[in-house]
Amino acid sequence: MVTVANFTSDLEQIRCVAGFRGTNRKITSFSIIDTPEILDWLHGGEFVVDSGYITFHNPSILKGFVASLKEKGCAALGVKLHRYHNEIPNIILEDGNKLDFPIYELPYNLYFCDFAYTIHKRMFEEQLDGMYHVSIAYKDIVDSLSKYKVPERMLSELSLVLKNPVFLTNSRFELIDYSYGPNDNFSSHSTPPPTKNPRHPNPIPRRAGQVLMRICAKSS
């Protein structure tokens with residue numbers, strides 16, 4: 001996930017001036033304020049930038065503007081200085097701090113096309129890294145199944161990859177097989193492990209059932 005904080009950490013030319021506690025917001029895209037109706041064209045996740053032209057000539061839109069950006073789910077607002085605004089309007093700074101919505105100063109010589117490219121490049125690298133790990137995990141699981149040809153080994157590999165317990169059940173949620181993930185401590189598990197026999201499914205042990213419910217809740 002690309003957040004405002006980790007995206008801007010390498011950009012020395014821009015500076016956060018308000019809403020510091022909101023820099024953990026997720027960035028998914030980029031948008032420029034090119035119309036007074038910009039809010040109608042936002043869908044969330046944008047790092048919104050302003051050359052100042054629209055907000056300078058339409059100052060009335062600044063009232064509640066930051067609140068609307070946050071409500072839309074946008075990531076941050078950057079305002080270019082020394083073109084139309086010599087400083088960021090106070091109402092933007094005040095609302096940014098009040099709502100924990102990050103506000104950034106952008107230098108006059110910053111090209112928006114370069115800024116957009118940097119955002120999309122960072123997002124692509126993040127996705128590529130995720131795809132790489134998924135492909136490695138998939139290869140490990142397939143290799144394991146091909147080598148051992150037993151479901152127990154595959155479940156074990158899955159639990160290691162997912163870092164969570166993995167349970168194989170039938171349609172009635174009766175336990176067929178299982179593998180505990182490495183991050184769960186089952187040393188206090190009072191119920192002995194069930195017999196792993198697909199022909200005679202066991203009800204899920206209480207502790208295992210709690211973990212399964214937790215995993216289902218996280219994924220929903």
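Ala, Val, Leu, Ile, Met, Phe, Trp, Tyr, Cys and Pro count as nonpolar here, Asp, Glu, Lys and Arg as charged, and the others, Gly among them, as polar. The model is predicted: local features need pLDDT of at least 70 and side-chain atom pairs count only at pLDDT 80 or more, while totals for chains, interfaces and linings use all residues. Numbering starts from 1 along each chain as its sequence is written, and side-chain values use heavy atoms, with hydrogens and water left out.

**Figure 1. A look into the one cavity of 30 Å³ or more.** A cavity is a set of points on a 1 Å grid where a 1.4 Å probe fits but cannot get out, and its lining residues have an atom within 4 Å of a point. Its volume is the space filled by probe spheres set on the points, and here that comes to about 40 Å³. Who's on the wall? The lining is made of Ile-33, Asp-50, Thr-55, Leu-62, Phe-65, Leu-77, Val-79, His-85, Pro-89 and Ile-92. Sort that list by type and you get seven nonpolar residues, two polar and one charged.

**Figure 2. Phe-47 meets Tyr-104, one of seven aromatic pairs in the whole structure.** Rings pair if their centres lie within 6.5 Å (planes under 30 degrees apart are stacked, over 60 edge-to-face, the rest tilted). For Phe-47 and Tyr-104 the centres sit 5.7 Å apart with 45 degrees between the planes, so this one is tilted. Phe-47 belongs to strand β3 (residues 46-50) and Tyr-104 to strand β5 (residues 103-106), so the contact ties together parts that are 57 residues apart in sequence. Strands are DSSP runs of at least two residues, helices of at least four. Both partners are buried, a label for under 20% relative accessible area (exposed is over 50%, partly exposed in between). Zoom out a little and ring pairs link Phe-47 and Tyr-104 with Phe-7, Phe-30 and Phe-115 in a cluster.

**Figure 3. Phe-56 and Tyr-84 make another tilted pair.** Their ring centres are 6.2 Å apart and the planes are at 40 degrees. Phe-56 comes from helix α2 (residues 53-57) and Tyr-84 from the loop between β4 (76-80) and α4 (90-99), so the pair ties together parts that are 28 residues apart in sequence. Are the two rings buried or exposed? Somewhere in between: Phe-56 is partly exposed at 43% relative accessible area, and Tyr-84 is partly exposed too, at 27%.

**Figure 4. The hairpin of β6 and β7 has four residues between its strands.** Strands count as paired once DSSP finds at least two bridges between them. Strand β6 (residues 166-169) runs antiparallel to β7, and four bridges join them. Follow the rungs and you'll find Leu-168 partnered with Asp-177, while Phe-167 stands opposite Tyr-178. Phe-173, part of this hairpin, takes a positive phi near 60 degrees. As for β7 (residues 174-179), five of its six residues are buried, so the strand is largely enclosed by the rest of the structure.

**Figure 5. His-82 and Asp-100 both have positive phi without being glycine.** His-82 has its phi near 65 degrees. You'll spot His-82 in the loop between β4 and α4, where it counts as exposed at 53% relative accessibility. Asp-100, with a phi of about 55 degrees, sits in the loop between α4 and β5. At 25% relative accessibility, Asp-100 is partly exposed.

**Figure 6. Two loop contacts span separations in sequence: Gln-13 to Pro-107, and Tyr-108 to Arg-83.** Gln-13 is in the loop between α1 (4-8) and β1 (15-18) and is partly exposed, with a relative accessible area of 44%. How many residues separate Gln-13 and Pro-107 in sequence? The answer is 94, yet their C-alpha atoms are 6.7 Å apart in space. Tyr-108 is in the loop between β5 and α5 (112-148) and counts as partly exposed at 46% relative accessibility. Its contact here is Arg-83, 25 residues apart from Tyr-108 in sequence and 6.6 Å apart in space, C-alpha to C-alpha.

Terms used:
Rings of Phe, Tyr and Trp (its six-membered ring) pair if their centres lie within 6.5 Å; planes under 30 degrees apart count as stacked, over 60 as edge-to-face and the rest as tilted. Buried means under 20% relative accessible area, exposed over 50%, partly exposed in between (1.4 Å probe, protein chains only). On a 1 Å grid over the protein atoms alone, a cavity is a set of points where a 1.4 Å probe fits but cannot get out, and a pocket is an open set with protein on both sides within 12 Å along at least five of seven lines; lining residues have an atom within 4 Å of a point.
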